[in-house]
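Here are some short exercises to work through with the coordinates open. Try each one yourself before you read the solution.

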Amino acid sequence: MAGHDVVVRDIETEYVEDGLESIDSNLEGGIEREKVTRKEADAALERLSGTTDLGEAVEGVDLVVEAVPEDVDLKKGTMEDVEELVDDETVIATNTSSLSVTEIASAAERDGRVIGLHFFNPVHIMQLVEIVVAEQTSEETLEFAREFVEDIGKTPVEVTDSPGFASSRLGVALGVEAIRMVEEGVADPRDIDAAMELGYNHPMGPIELGDVVGLDVRLDILEYLREEFGERFRPPQALKRKVRAGKLGKKTGEGFYVWEDGEIVGVSGEVDE
């Protein structure tokens, strides 16, 4: 949408096609709400392509944004694979929401060009991008990241690499307490979310946000922060049971809410005790 040519890469053709279809659907929704014109949507899709070939995806690019699952070894392996294929000047960013960017950057030989660019869900709507500065990140890379984030119409905030950064650490603290309130029968998920949306002007309540992000992602972040900071980030049993049952939120059709065609249609019938 900001005018850059973009290549989406995933490991299976099906995943690439699903991703491109999701983008197309978001643009159609923007047209329906008169946030995007047909001309703008068509132009954006013209600048977008997809592939399963990593070499094809990163050839000649200025920036690679890694967004693989929140597993530090997987991210480090991806970093190594990407670095072998890109130019020396290419900036490599990780979209991790909580893992150490410094540790991820250690997998790169030219680690000064590695930085964290933490986008927020839903990315096409949310204004914030958290720039996470690793110990190795060069000033040149940081300046590139600032300019890029502003160029795509987002607002950057800069944080020094630390567990959970600023946003995830605060966000999951709110989210975990909201889940505990559901566990304890304090309030219905809808009422908890409405309280934060209407009382604190949050665009989305913490229970719904957890479903959108993915309850498995939330659980991974909490377990990591628990290792770093202790029991205040202990995951609630309700969250663990949802993940064990495969009820991961929006992407599986059910989490704390029931989802159809990307919309909430009800509260899950199983509220864990």
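**Exercise 1.** Find which residue lies over the face of Phe-229, and at what distance from the ring centre.

*Solution.* Start at the ring: in this predicted model, Arg-169 lies over the face of Phe-229, 4.0 Å from the ring centre. Next, look for an aromatic partner. The structure holds 1 aromatic pair, and Phe-229 forms it with Phe-233, the centres being 6.0 Å apart. The planes make an angle of 45°; because planes under 30 degrees apart count as stacked and those over 60 as edge-to-face, the pair is classed as tilted. Finally, check the accessibility of the two rings: Phe-229 is partly exposed at 24%, while Phe-233 is buried at 4%. For a second charge over a ring, turn to Lys-242, whose charged end sits over Phe-256, 5.3 Å from the ring centre.

**Exercise 2.** Work out what surrounds Arg-218, and which side chain of opposite charge is nearest.

*Solution.* First place the residue: Arg-218 belongs to helix H10, residues 215-229. Then look for a partner. Arg-218 is buried but has no salt bridge, and the nearest side chain of opposite charge is Asp-211, 8.6 Å away. A salt bridge requires nitrogen and oxygen within 4 Å, so Asp-211 at 8.6 Å does not qualify. Last, list the contacts: leaving out residues up to four places away in sequence, Arg-218 touches Gly-171, Val-172, Pro-206, Leu-209, Gly-210 and Leu-239.

**Exercise 3.** Identify the buried residues of helix H11 and some of the elements that cover them.

*Solution.* Helix H11 spans residues 237-244, and its buried residues are Ala-238, Leu-239, Lys-240 and Lys-242. Their cover includes helix H7 (167-183) and H10. Now step past the end of the helix: H11 is followed by Gly-246, which has a positive phi near 80°.

**Exercise 4.** Find where Glu-34 and Asn-201 lie, and whether each is buried or exposed.

*Solution.* Begin with the background: most residues other than glycine have a negative phi. Glu-34 has a positive phi, near 60°. Glu-34 lies in the loop between helix H1 (13-32) and helix H2 (38-46) and is exposed at 73% relative accessibility. Asn-201 also has a positive phi, about 65°. Asn-201 is in the loop between helix H8 (189-199) and helix H9 (206-213), and is exposed at 69%.

**Exercise 5.** The whole structure has 13 salt bridges. Determine which parts of the chain are tied together by Lys-76 with Glu-103, and by Asp-216 with Lys-251.

*Solution.* Take the Lys-76 to Glu-103 bridge, with an N to O distance of 3.8 Å. Lys-76 is in helix H4 (residues 72-83) and Glu-103 in helix H5 (residues 101-105), so the bridge joins parts 27 residues apart in sequence. Both ends are partly exposed, Lys-76 at 21% and Glu-103 at 36%.

Then consider Asp-216 and Lys-251, whose closest N and O atoms are 2.9 Å apart. Asp-216 is in helix H10 and Lys-251 in the loop between H11 and strand E8 (257-260), so this pair ties parts 35 residues apart in sequence. Here Asp-216 is partly exposed at 22%, whereas Lys-251 is exposed at 51%.

To finish, look for bridges that share residues: Glu-139, Glu-143, Arg-146 and Glu-158 are linked in a network of salt bridges.

Conventions: Residues numbered from 1 in each chain as written. Predicted model: local features only at pLDDT ≥ 70, side-chain atom pairs only at ≥ 80, totals over all residues. Heavy atoms only, no water. Phe/Tyr/Trp six-rings, centres within 6.5 Å; stacked < 30°, edge-to-face > 60°. Buried < 20%, exposed > 50% of the residue type's maximum accessible area, 1.4 Å probe, protein only. Lys NZ or Arg CZ within 6 Å of the ring centre and 35° of its normal. Helix = DSSP H or I, 4+ residues; strand = E, 2+ residues; numbered from the N terminus. Lys, Arg positive; Asp, Glu negative; His and termini not counted. Contact = heavy atoms within 4.5 Å.
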